[in-house]
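User: Please take a close look at the metal site and describe it together with its surroundings in the fold. A formal, connected account would be preferred.

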Amino acid sequence: MILEHNASIAPKIRAILVPVVLSAILLPQLYQPFLSALWHFLQTNAIFRLSVFETLWTVFLYAAIEVPMTIVFLRHPEWRFAVRESQKINAKGSSGENALARPRGMRRPSRRLREIAIYMAPLLLMDLTMIKKFADVPLEQMLESGNYHITFATTQTNDTSTSPYPKTFLVPTLHNITFSSPLQTQRALPKNPPTSRRIVLELALSFFIYDFLFFLFHFSLHILPGIKSWHAPHHRHSEIHPQVTNQLHIIERLGLVLLANFSLNIIGSHVFTRTLFVPIFLWLLVEIHSGLDLPWGYDKILPTGWGGGARKHALHHAGAGGCYEPYFAFWDGLLERWSRCAVSDT
Ligand SMILES: *[C@@H]1O[C@H](CO)[C@@H](O)[C@H](O)[C@H]1NC(C)=O
Ligand SMILES: [Zn+2]
């Protein structure tokens, strides 16, 4: 094995992350003053209170992550799995000259406004018409944000345990559309900040749940004849590159967003956890589509064998069977063992 000078980046990142995560779980009081101040700021921030905040946050972060990753992709051909493959072929005598070319289907940022609009339209529609229901928010406040003005006897105490309305997080409720309030513009936020322990555990659990659900969804997209066409736009590229991340049929993209939403809702995540979930989620999503063997790849930071990483996902996109799981490698491992047609691990 050739040791590159930057091969030690991943252990260094791990050396920082492990103490942060452990102390966040074991010593939440360390982080509480900071979290309380931050939550107070966010709670009173006009942009954070908008019902469309998460959609705006997602688009902003996606651009902030994918554009630099595309630049890294263009600047570091030596990290590209496809270039390495073609160099292997080249060494054997055939030509691999096109390998450094820009992969087909790559676009300039200025040409991508339409992509942004198509992404945002259905989500904005939902944001503006459906009541946001978050954990720890009293039902009255949720309904209030949705233009339902119902007063319960328990309003003063914020105790909804005796409320006649169940807290149905998972069932969508339409905004009460009236002339004076045609759209749902605000979201009701929980009063108290989360603890650092809660944030870490909710993040870990929601990623684990999402990873399993998306594995099932992705696997179905590959094997069920009726819905295969929904997945075709995502595999319509030559070499994989970061922009492939968002080359999705609208149904697959909505499925992805709604499964992530569900994974957070089912465990009653705090809104702040949701806010942190987005950058981590997008970072990993762009990374697995980067087609790059990054020295700081998250699969090198996690314990060996936990993360699927960009390599496995590039194999999937290169047409090898398997590797359906987005982030981890647990369920793919089970599936490979079960189907006995594992892709060779090189
Ligand atoms: C995400 O989940 C929340 C909480 O249940 C819900 O209010 C919101 O409408 C969902 N967002 C989307 C885009 O489905
Ligand atoms: Zn696929």
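Analyst: The account below starts with conventions and the fold, then turns to the metal site and its surroundings.

This is a predicted model, in which local features need pLDDT of at least 70 and side-chain atom pairs count only at pLDDT 80 or more, while totals for chains, interfaces and linings use all residues. Residues are numbered from 1 along each chain as its sequence is written, chains are lettered from A and ligands numbered from 1 in the order in which they are written, and side-chain values use heavy atoms, with hydrogens and water left out.

The chain has 12 helices and zero strands; helices are DSSP runs of H or I with at least four residues, strands are runs of E with at least two, and numbering starts at the N terminus. Of its 346 residues, 44% are buried, where buried means under 20% relative accessible area, exposed over 50% and partly exposed in between, with a 1.4 Å probe and protein chains only. Among contacts (heavy atoms within 4.5 Å) between residues at least 6 apart in sequence, 73% join residues at least 24 apart.

The zinc ion (ligand 2) is coordinated through the NE2 atoms of H218, H222, H231, H235 and H316, at 2.1 to 2.2 Å. Donors here are N, O and S atoms within 2.8 Å of the metal, or 3.2 Å for Na, K and Ca; water is not among the atoms, so sites may look incomplete. Along the sequence, the donor residues follow the spacing H-x3-H-x8-H-x3-H-x80-H. Within this set, H231 and H316 link distant parts of the chain, 85 residues apart: H231 is in the loop between α7 (196–223) and α8 (250–265), whereas H316 belongs to helix α11 (residues 309–317). H231 counts as buried because its relative accessibility is 3%, and H316 is buried too, with a relative accessible area of 3%.

Helix α7 also takes part in aromatic packing. The structure holds 22 aromatic pairs; rings of Phe, Tyr and Trp (its six-membered ring) pair if their centres lie within 6.5 Å, with planes under 30 degrees apart stacked, over 60 edge-to-face and the rest tilted. F207 and F281 have ring centres 6.4 Å apart and planes at 35 degrees, so this pair is tilted. F207 lies in helix α7 and F281 in helix α9, so the pair ties together parts that are 74 residues apart in sequence. F207 is buried at 7% relative accessibility, as is F281 at 6%. A second pair, F328 with F330, is stacked, at 5.3 Å centre to centre and 25 degrees between the planes; F328 is buried at 15%, but F330 is partly exposed at 30%. Ring pairs also link F207, Y210, F214, F217, F277, F281 and Y327 into a cluster.

Helix α7 has a further role as cover for helix α2: the buried residues of α2 are covered by elements including α1 (9–26), α7 and α9 (271–288). Those buried residues are P28, Q32, L35, W39, L42 and Q43. Helix α2 (residues 28–43) bends by about 30 degrees at F34, the bend being the angle between axes fitted to the seven residues ending there and the seven starting there.

Finally, an unreviewed UniProt entry annotates residues 12–31, 51–74 and 199–221 as "transmembrane region"; such positions are given in the numbering used here, feature names are shortened, and annotations may be inferred rather than shown by experiment. In the model, residues 12–31 are 95% helix and 0% strand, with end C-alpha atoms 23 Å apart.
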